[in-house]
Amino acid sequence: MAALFEGFTLCGVVSGSARAEAALLGVEAEREEDRVVVTDCGRSVTVYKVSDQKPLGSWHVRQGQSLTCPAVWSSRSGEYVAVTDSRVIRIWKDDDTTFEKTFKATVCADVARIHAAADSEPVVLFARGAVRMLDALLEAPQQPIEEVLSEEEVIRWSCSLVEGKQLVTIFTTEQKEDCYLYLQRFNPNSLHKYKLETGESRARPLSLCATVRNQSIKLLCLYSSGCLYQSVLSMRGTIQDGVQLLPRTLLLRLPVEDGHLSSASVVSLDEGNLAMVGVPHPSASAGKEFLCIWNTNFQTLQAAKELTGRIYGQLWSYSGRLYVPHGKALTVIPYECERSSLATALGRLQQDRSDGSKPVTTVVSWNTLLHEDTIQHQKGARGVETRQSKSRKSQMTSLLTVDQVLEKIKSASEDSVTRDVEMILSGTADPELQLVVGRLASQLVSRCQSDSAFYPHHTLAQLVHTRCVCHSLCPNLLMLALEKKDYSLAQLCLQHFPDIPEAVTCACLKAFLDAEESDLQTENLEPDSVSFMEGMVAVCKRDGALENGFSPVLLEEDSCDVNAPTTRAKGKADWLVLDMPCPVGVKKAALLNEILQTAHTDSFLLPHLKDLTAQQVVLFLQYLQFLYLKYYQDISAQAPGLRSPTVTQIMDWVCSTLDAHFTVLVMLPEARDLLFQLHKFVRSQVRLICELGKIQGSLQDLHKLKQTEDADLYSIEVIELF
Amino acid sequence: MGEFKVHRVRFFGYMPSGIRCMSFNERAERLALGRLDGTLEIFNFKDSFYQEKVIPGNDSRSVEAVCWVAERLFTAGLNGEITEYDLENLCPKYSLDAFGGPIWTVACNAQGTHLAVGCEDGSIKLFEILPEKIRFERNLDRQKGRVLSLSWHESGTRIAAGMLDMIRIFDVQSGHATHRMLVDRGVSGMRNHECVVWCVAFLSDLTVISTDSSGKVQVWNAAMGILSSTHLVSKSDVLSLAVSKDESSFVVGTSEGTVVQFQFLANILGGDEKAWVRTKTFKPHTHDVRALAEIGTAVVSGGLDTQLVVRPLLDKVDIMSYDNVLHKIHFPHRSLVSCAQKAGMLLFQFPAQLEVWRLGESEGRGEFCLGTREKWIPFQGEDHISCSAISPCGGWLAYSTVSSLRVYRLQCDEHVSISKVPKLPKVLRSAHQLSFSDDSSKLFAASTHSMVHVISLSQSECKHLHTFKPKSGSTEPVHLLAASKDGKWLAAANRGCEIHIYNLHKLKPHCTVPIYGSCPTAMGIHPTSNNLLMVHADRQIFEYSIVEKQYTDWSRRVQREGLHKLWLERDTPVTHVTFNPRNAAQFMLHDTYMFCIIDQSLPLPDNKCQFYNQITLKSLSEQERLSHAHAFKMCTKYQHLLFLGLLDDESLVVVQRPLTDIASQLPAPVRLKKFAT
């Protein structure tokens, strides 16, 4: 999973004309991770400290001169190297104030680029294709430079790579329609020429990017047709003659609106991810420019950020930051690429789509209402980008990063942790929220586990409310809540986690059944669930007038049940205790309802269900029976919209519980009554179903009647054609 | 457009026979199919799977195995005879008794020089294939137990034979068995039942694949005579086996109606070590899959449920097109029904009987009225009927088998009486197609060598008037005849795609329609303009003016603008053409799943417009309809159509045979455990 974070402007871009090809000559890495050398199109070279957005030094060439190649930092000598007016190589150090007094050497051919790969001697690439080491060149600046390229060949792109001691320089050229790639190896020097395929559509290579690993050079090439190809070259090659076709494999085929990209750039971030600019976002409208991170393994879009203003098809990446000039500024955008898995890779695009189709809760709960409100607020703030919110946000992000908060959680007090987490949550945009929340939650839980006094209930509840936590992300959270007897958090988890294992469900069930009613009285459970149960109990207390004039006694009249419980007085219609009192308190019932509604698989549930004690089982069964009777008695008990268990769920649990404990229940004297009642009630239901089956059978014949018309052997009919 | 009174007939109890065996000819891309009643059918896979030729069966001849040798077709059956067929005259050429009891299997070597047959008495007999006949050469060592399946190694030096409980490998040179591989009898309950090796296949790398009655597919190493692997694919028999040409996959068919594909795949991706792996399972049939062929991009299967299924293997298909979608062929691609338009009578052709029915007279919408049924079994002899016809007036009836042709006189009043016409002209020995002229005064009989005999019929005698021979010298059988209403023209189409037009007044050939690459499947001559309308197997429609000897403007327009994609993608060929007497610009076509009226005066539908537009048109007003109407008026109300004709009172006759009726007459399938039964 890759993510793009909030970017910031490093410096302005002064492009000479509106149609300038490039905004900057180049952005190159400096000695420290945090520093870059920016060479603009005109006359200046500036070194920036990126995190401070502050220039450290700047050098200008004199009027009339111009920089023709991006300045590079040579780590060997600790000097900057640049070229002015194509032929003058200038070398200077940090403490030189102007160009005037710096070292310069004039060479006798035009220089195309200077490359300084990490920890190696800078390499000078001449416009006509010759390559020299800088040191060797400076020894004799006027040495003759051979012409490698033919007349009309122009260098389009170049780079220099190093692995171990081996240094190579790669550059591509364009000659009319054809494109070539040259690979210059050193010690021994050899130059190898490849032809780049352009395919049927005469697609032009727009941008290349090379990385080296294990002695092989991975070359990514983005064509103007939107196709991204990968070629692999070896660092140490055997010497071959002639021009070979560079073998390539298609990695990505990007959607391109009108068939051709004009300017675009690609940078490889890690093995599977790459950043692109100038390629349209697959689901955004036309005319908007995006910086996108694509995963080549899964061919998915991982992250995208809209860029304002025109883009130049330039993009650099150094130490976890992307540098992209757009509009009138060079923006730095930090990114993060985590190891991708299929699930996360798919997640990104899916999330975008599912936004509109989130299940709508019909009944407003205060908790969610309040929470949604804050979300709405954040969203609104993000959308409008008022100055205030912008400043606040930048302040916050600069104040506290996730890592800092994570560190703080390890030791800080409950209050400060609560405050910090709140801040992080309000300051984080949606895409990152999942990552951040998961890390926060697991850190918090591990603190709670190690430090028994530390238990920020409110914070944990807030995290669960984001809907970004799930059980597998933070497996100890629910168990922790049970341990701390924090029933409201447990309820929240049960509501929000889609992936609770059956073992944990059973543990919850046990804990809830054992919970003291007095403990629960003070718990602040979700009001919906409690009000549902209150309504249910109220119905129960109502007079036993049956609705719809239905009396189940009639059905039972013909039964001669000899095994009726002897403890009860016969004669009265007590065979069915329809006005059974609720065996548990309202709040406990609300919690049990959450259990009933969790997703589960019977076969996985059964072994864990066996762990329940006999008393727990009896109580649970009593409660289930109560619910079942209520539902049966009063259809309106299943109020639509309220979160309540369905009859099917209740029946499932009755079956599972009976399955798991049947032998125990049969032996248990106090369960006897319960089982008898349950049996009777079920039997009466089965009879009802039988009767319904008969009605259905006779009504089904209605359908058959229709078909007989079709089975006639001969008929005369009239059809009309139009 | 108008209303039609429709006689909807579903009392034609046509019952196709189950498929017993098949053989695919790679070079000609033709599939030969043997049915249980001995009928042989040849399908042209190049030409939209058109059923090109049908050789009617015979009660005494069964087809147990069929085998192509280059362009020659051999069958062998339980009557102990090997038969070669004359594919031009659609009859057996000769039969040769192998003297080994019933023959279960026949196989030809890759060189095409020898035929091996497996007999009931346990012998494998080799026959040498000579240009005009076959000659017995020798027996391989005789074994105990019947030989049920045979397969040659491609070198032609070894034969694998599937027997009871074992597979033997024979050396052809010496005639001795070199290996004996015992097949396990399977689950314990079946121990005392013999295990029948239904099929064997000998691959070029000396691998033998066998399928047997205990549900196993086994792969053997014939070089060592050992078992390499066993795959249990079914609880009942595995009856058929077909190997792809490149030997990288094979398919087996079980008696549960499933077809299972095995592929020779590397154990590890990119690895060298390969093994046979069960890959796909289809269930194209409800009953035994008795015959299979793997043809490049598709699996062809047939079985007791009588349908032929061509299922594409999508991993081998590059571009989806008409040729590689699922095809199911239920009904013959020729008409088994003929209609006496003037008398309102229908003649139904069964393999060994004919039925004449008279349609009801009742007016009134949808009233039930069963036609009076005149059933009649005129039949002696063992040969099955190849073609039949009833005259438009209902007074004459003719049918032909491979060996004889008979004409009857029908008298229809209260009761129908029938009398055979004696003393037919000598030339009338057999016919591939029969047709009466519109005034019922002439009978046209398409005979051998593409000849068409013209017979005049009268109360007193039948006289041979003339015999037309095609100028091209083609000897392909004629399968369509069409006479014009005015009695002047006769068109005859043969399987070589040629259509000849003869002038009946001058008794001379008139012209030949330019040959189109696809076989004509239906044709008719327009009653007023005398234009010949032809529909081909690839569903192209042509109209040819006989008088002007050129394609009509409408035909050229159709070719220029092209037919609608949905029309070209229809699955079954058009089998009948009739003309609407009410409107000279309209004619009717039908295939198995629709009939349509084509109005030549309306614009042709282009690919963008809605093709099946009847429901849309119905909802529009009179004026709007005009702007939306196009030439093809499709009606899909009647499915499984065997015939659609127009009576003289301008009412339509529709003969349907619902597939459910056929399925209900099939024997019960192998019982399978289904959920909750």
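The following dialogue reads selected features of a predicted model, from a whole chain down to single side chains.

Me: What do the totals for chain A tell a reader about its secondary structure and burial?
Reply: Such totals give a first frame for the details. Chain A has 19 helices and 30 strands. Of its 722 residues, 47% count as buried. Among contacts in chain A with a separation of 6 or more, 57% join residues 24 or more positions apart. The exposed area of chain A is about 36,000 Å², with 52% of it supplied by carbon and sulfur atoms.

Me: How many residues of helix α10 of chain A are buried?
Reply: The general idea is to apply the burial cut-off, under 20% relative accessible area, to each residue of an element. For α10 of chain A, residues 487–496, the count is 10 of 10, so the helix is largely enclosed by the rest of the structure. The buried residues include polar ones such as Ser488(A), Gln491(A), Gln495(A) and His496(A), together with Leu489(A), Leu492(A) and Leu494(A).

Me: Which way do the residues of strand β28 of chain A point?
Reply: In a strand, one asks about each face in turn. Arg321(A), Tyr323(A) and Pro325(A) point one way from β28(A), while Leu322(A), Val324(A) and His326(A) point the other way, and all are buried. With 6 of 6 residues buried, β28 (residues 321–326) is largely enclosed by the rest of the structure.

Me: Which strands are joined to β28(A) by bridges?
Reply: Bridges show how a strand is placed among its partners. Strand β27 (residues 316–318) runs antiparallel to β28(A) and is joined to it by 3 bridges; here Trp316(A) stands opposite Tyr323(A). Strand β29 (residues 329–337) is also antiparallel to β28(A), with 6 bridges between them, and Thr331(A) in β29(A) is the bridge partner of Val324(A).

Me: Where do positive phi values occur in these two hairpins?
Reply: For a hairpin, the residues between the strands deserve inspection. The hairpin of β27(A) and β28(A) has 2 residues between the strands, and Ser319(A) takes a positive phi near 35°. The hairpin of β28(A) and β29(A) likewise has 2 residues between the strands, and there Gly327(A) takes a positive phi near 60°.

Me: How should one read a salt bridge, and what is the case for Glu476(B) and Lys53(B)?
Reply: Side chains of opposite charge can pair when their charged atoms come close. The side chains of Glu476(B) and Lys53(B) meet in a salt bridge at 3.3 Å, N to O. Glu476(B) lies in the loop between β41 and β42 of chain B and Lys53(B) in strand β5, so the pair ties together parts that are 423 residues apart in sequence. Lys53(B) counts as buried, at 9% relative accessibility. Over all chains, a search finds 37 salt bridges.

Me: Which residues are linked in a network of salt bridges?
Reply: A network is read by its members and then by its pairs. Glu30(A), Arg31(A), Arg35(A) and Asp94(A) are linked in this way. Within the network, the closest N and O atoms of Arg31(A) and Glu30(A) are 2.8 Å apart. Arg31(A) is partly exposed at 38% relative accessibility, whereas Glu30(A) is buried at 7%.

Me: Which side chains of chain B make polar contacts with Glu717(A)?
Reply: A residue with partners in another chain is best read by its place, its burial and its contacts. Glu717(A) is in strand β30 (residues 714–721) of chain A and is buried, with a relative accessible area of 10%. Its side chain makes polar contacts with the side chains of Lys637(B) at 2.7 Å and Tyr638(B) at 2.9 Å.

Me: What does the side chain of Asp591(B) reach?
Reply: A side chain may also meet a backbone atom. Asp591(B), in strand β51 (residues 586–591) of chain B, reaches the backbone nitrogen of Tyr593(B) at 2.9 Å. Asp591(B) is buried at 2% relative accessibility. Beyond its neighbours within four places in sequence, Asp591(B) is in contact with Arg570(B), Thr572(B), Pro573(B), Val574(B) and Leu641(B).

Me: Which residues make the nonpolar surface patch that includes Leu699(A)?
Reply: The final case concerns the surface. Ile689(A), Leu692(A), Ile695(A), Leu699(A) and Leu702(A) make a nonpolar patch of about 500 Å². Leu699(A) lies in helix α19 (residues 669–708) of chain A and is partly exposed, with a relative accessible area of 48%.

Note on methods. Residues numbered from 1 in each chain as written. Chains lettered and ligands numbered in written order. Predicted model: local features only at pLDDT ≥ 70, side-chain atom pairs only at ≥ 80, totals over all residues. Heavy atoms only, no water. Helix = DSSP H or I, 4+ residues; strand = E, 2+ residues; numbered from the N terminus. Buried < 20%, exposed > 50% of the residue type's maximum accessible area, 1.4 Å probe, protein only. Polar contact = N/O pair within 3.5 Å; in protein donor to acceptor, adjacent residues only side chain to side chain. Contact = heavy atoms within 4.5 Å. Patch = residues over 30% accessible without salt bridge, like charges linked within 9 Å, V, L, I, M, F, W, Y side chains within 5 Å. Areas by Shrake-Rupley, 256 points an atom, 1.4 Å probe, with all protein chains shown as cover. Salt bridge = Lys/Arg side-chain N within 4 Å of Asp/Glu carboxyl O. Pairing = 2+ DSSP bridges.
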